[in-house]
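Here are my notes on this one, written for a colleague who likes to check things against the coordinates. Have the viewer open while you read.

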Amino acid sequence: MEVAILTNLVDDNPWYSLTSIIKSQCYMLSDYKHKVHLYVSEDYQGNSIGGVSPISGIPYAELTDYKSQVDITQRHLQYAQKILDYLYSKFTNYDVIFTHDLVFTGFNLPFALAIKIFSENHKHIQWYHWVHSKPHTPRDWWDMQEFSGNHTIVYPNQADIPLVKDRFNTDSVISVPHIKDITKTLGFSRHTMDIIEYFPSLMRADIVQCYPAATDRFESKGVRDLLMIFSLLKKRGKSVCLVIINQFSGRRSAKLVDPIIYLEKVARRCGLDPYKDVIFTSEIFNGKYTKGVPENVLRDLMALNNLFVFPSKSESFGLVLAE
């Protein structure tokens, strides 16, 4: 879809929490193949955000923290008209528009007034209005019954939803927690991202464990026990992802039973799908990681764990624990 993110950002300050939120939204929407357009102030001084080049042009003015819309000055009414004209010139063909605090704060009252008029004539647009702070004191422009079209208030926690519904006089309120993409925050390598794209369960499954294990030491490392545990978790209704980060520290002998072929059979017998629920890194990408993954990739993958089971049977210490 064509998605517009409407803000009045004047820079890309990485320490401003709203910049971080918008950055994550841009990455997420783009990853899901939406066409994202980020609109910022005409005075914007900064770089791209979340891989999206900002479109500067939203009229700029010095703002006032209004407590009531009846107090708005003639100067800010004229400013609201400029915003409205800009909306008509740029936003008529969008499917979805995100805003951030534009219908909420007193400083952004001119934006709220412009959006109210614009949406009356473009009822096909779905608006999602993020409200980033608790709406303690009621404001007379918050009544969403006065906004025509499709408007949804988005709030980051569930506990305050009854308050938000009351303050904005609408049942169209949803809770969407703020997102942080661990792959961006921790600067995952391109190699790690390739593994995630190949095995998306790493980012999607309910239960994730990445377990380093030398292939010729699978028995001592308890890999078969891990498979059995993950099969039971799957049978309890959870989606699972088990990554055996393996390498051949010894010689892979054709005379013996191949340990990976054996454990793939074990996985199937207990209800796990190889390379959907469980993978061995030595077997992906045509054996690219037969000798093991690079240390930085190991670090990245271990950061995705939300479960740690360590069924080692004969080690004196177990470096996996330290990793």
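How many bridges join β8 to strand β9, and do they run parallel or antiparallel? There are 8 bridges between β8 and β9 (residues 240-247), and the two strands run parallel. Keep in mind that this is a predicted model. The rest follows as numbered points.

1. **The sheet around β8 and β9.** The pair belongs to an open sheet of 3 strands, ordered β8-β9-β10, with parallel pairing. At the edges sit β8 (207-214) and β10 (278-280), each of which pairs on one side only. From one strand to the next, the twist averages 15 degrees. If you want a register marker, take A213, which stands opposite N246 in β9.

2. **Helices on that sheet.** Helix α9 (residues 223-235) packs on the sheet and touches β8, β9 and β10; its direction makes about 165 degrees with that of β9. Helix α11 (residues 295-302) also packs on the sheet, touching β8 and β9, and its direction makes about 145 degrees with that of β8.

3. **The sheet of 7 strands.** Another open sheet has 7 strands in the order β3-β2-β1-β4-β5-β6-β7, again with parallel pairing. β3 and β7 stand at its edges with a single partner strand each, so one side of each has no neighbour in the sheet. Here the twist averages 25 degrees from one strand to the next.

4. **Inside it: β5 and β6.** Strand β5 (residues 126-130) is joined to β6 (residues 150-155) by 5 bridges, and the two run parallel. For the register, H129 stands opposite I153 in β6. Helix α4 (residues 161-168) packs on the sheet, touching β6 and β7, with its direction at about 155 degrees to that of β7.

5. **α2 and the β3 edge.** α2 lies across β1 (2-6), β2 (35-41) and β3, running at about 140 degrees to β3. The loop between β3 (55-58) and α2 (74-90) is where you find T64. T64 is partly exposed, with a relative accessible area of 34%. Leaving aside neighbours within four places in sequence, T64 is in contact with H76, G106 and F107. If you like a long-range distance check, the C-alpha atoms of T64 and V164 are 23 Å apart, with their positions 100 residues apart along the chain.

6. **A salt bridge between α3 and a loop.** A search of the whole structure finds 13 salt bridges. One of these joins E146 and K116, whose closest N and O atoms are 3.0 Å apart. E146 lies in the loop between β5 and β6 while K116 lies in helix α3 (residues 109-120), so the pair ties together parts 30 residues apart in sequence. Are the two partners buried or exposed? K116 counts as buried at 12% relative accessibility, whereas E146 is partly exposed at 37%.

7. **A salt bridge between sequence neighbours.** The side chains of D166 and R167 meet in a salt bridge at 3.0 Å, N to O. D166 is exposed, with a relative accessible area of 52%. That value sits over the 50% cut-off for exposed. R167 is partly exposed at 23%.

8. **A network in α6.** D194 forms a salt bridge with R190, with the closest N and O atoms 3.0 Å apart. Why are they about one helical turn apart? Because D194 and R190 are 4 residues apart in helix α6 (residues 190-198). Both count as partly exposed: D194 at 26% relative accessibility and R190 at 48%. E197 comes in as well, since R190, D194 and E197 are linked in a network of salt bridges.

9. **A nonpolar patch on the surface.** M28, Y32 and I179 make a nonpolar surface patch of about 290 Å². I179 is in the loop between β7 (173-175) and α5 (182-185), and is partly exposed with a relative accessible area of 35%.

Terms used. Residues are numbered from 1 along each chain as its sequence is written. This is a predicted model: local features need pLDDT of at least 70, side-chain atom pairs count only at pLDDT 80 or more; totals for chains, interfaces and linings use all residues. Side-chain values use heavy atoms; hydrogens and water are left out. Patches are made of residues with over 30% relative accessible area and no salt bridge: like charges are joined within 9 Å, nonpolar side chains (Val, Leu, Ile, Met, Phe, Trp, Tyr) within 5 Å. Accessible areas come from the Shrake-Rupley method with a 1.4 Å probe; for residues, only the protein chains shown count as cover. A salt bridge is a side-chain nitrogen of Lys or Arg within 4 Å of a carboxyl oxygen of Asp or Glu. Buried means under 20% relative accessible area, exposed over 50%, partly exposed in between (1.4 Å probe, protein chains only). Contact means heavy atoms within 4.5 Å. Two strands pair if DSSP finds at least two bridges between them. Axes are lines fitted to C-alpha atoms, for helices over the stretch in contact, and angles run from 0 to 180 degrees between N-to-C directions.
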